[in-house]
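Me: Hey, could you walk me through this structure? I'd like to start with what the words for surface exposure stand for.

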Amino acid sequence: MEKTSRKANRWIATAAEEIRQIQGRWGFKSNRSFSALLKVNPRTLSKLSHLDSTLTLESILKIFNRLYCLRCLEFSGKAMEEEGQRLKDAMFRIVRSVEVLPDDLADNVREELESQM
């Protein structure tokens with residue numbers, strides 16, 4: 001049980017930081033106004049600040065899908081494209097934090113990258 005909780009907290013902490021940064025970039029000072037834009041329950045966003053392990057990855061995926069679709073309301077032109085890329089990068093960082101590569105696989109990747117240099 002402890003192992004699952006620790007894994008959950010790692011990706012939730014990553015998600016919390018990413019969403020906090022997005023909320024700031026988008027100019028939302030409160031979870032209530034940000035959750036209103038996203039049409040999500042404010043308690044969902046508050047779970048991030050408490051690293052609540054009942055938060056699901058599915059909820060985070062829904063939030064990011066909505067953010068990606070709504071970015072045109074906050075940005076235009078090139079800034080909208082750049083924000084789209086920032087959202088993709090943030091989602092990728094969250095996904096990477098869900099599961100860490102096993103040591104032997106990480107070693108294989110490291111060796112391959114070193115051989116390419």
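Reply: Sure, that comes first. A residue is buried under 20% relative accessible area, exposed over 50%, and partly exposed in between. Keep in mind that this is a predicted model.

Me: OK, so is C72 buried, exposed or partly exposed?

Reply: C72 has 45% relative accessibility, so it counts as partly exposed.

Me: And what about C69, buried or exposed?

Reply: C69 is exposed, because its relative accessible area is 51%.

Me: How many disulfides are there?

Reply: The count is zero. As a reminder, a disulfide is a covalent bond between the sulfur atoms of two cysteines.

Me: Why no bond for C69?

Reply: The closest cysteine sulfur to that of C69 is in C72, and at 8.3 Å it is too far for a bond. The cut-off for a disulfide is 2.5 Å between the sulfur atoms. C72 is in no disulfide either, since its nearest cysteine sulfur is that of C69, 8.3 Å away.

Me: Switching topic: how many aromatic pairs are there?

Reply: The structure has two aromatic pairs. In W26 and F75, the ring centres are 5.7 Å apart and the planes are at 75°, so this pair is edge-to-face.

Me: Where in the chain do those two sit?

Reply: They link distant parts of the chain, 49 residues apart. W26 is in the loop between α1 (2-25) and α2 (31-38), while F75 is in the loop between α4 (57-74) and α5 (77-98). Both W26 and F75 are buried.

Me: Which residues make the tilted pair?

Reply: That's F28 with F34: 5.3 Å from centre to centre, with 45° between the planes. F28 and F34 are buried too.

Me: What lies over the face of Y68?

Reply: R71 does, at 3.9 Å from the ring centre of Y68.

Me: Now the largest nonpolar core. Which residues touch the most other members?

Reply: The core has 23 residues, and the ones touching the most other members are F34, L48, I60, F64 and L67. F34 is also part of the tilted pair with F28.

Me: Which elements give two or more residues to this core?

Reply: Those are α1, α2, α3 (42-49), α4 and α5. α1 gives the most, with six residues.

Me: Last one: what is L48 in contact with, beyond its neighbours within four places in sequence?

Reply: Leaving those neighbours aside, L48 is in contact with I12, A15, A16, I19, L55 and I60. I60 is another of the core residues that touch the most other members.

Definitions and conventions. Residues are numbered from 1 along each chain as its sequence is written. This is a predicted model: local features need pLDDT of at least 70, side-chain atom pairs count only at pLDDT 80 or more; totals for chains, interfaces and linings use all residues. Side-chain values use heavy atoms; hydrogens and water are left out. Rings of Phe, Tyr and Trp (its six-membered ring) pair if their centres lie within 6.5 Å; planes under 30 degrees apart count as stacked, over 60 as edge-to-face and the rest as tilted. Helices (H or I, at least four residues) and strands (E, at least two) are DSSP runs, numbered from the N terminus. Buried means under 20% relative accessible area, exposed over 50%, partly exposed in between (1.4 Å probe, protein chains only). A charge sits over a ring if NZ of Lys or CZ of Arg is within 6 Å of the ring centre and within 35 degrees of the ring normal. A nonpolar core is a set of buried Ala, Val, Leu, Ile, Met, Phe, Trp, Tyr and Cys residues joined through side-chain atoms within 4.5 Å. Contact means heavy atoms within 4.5 Å.
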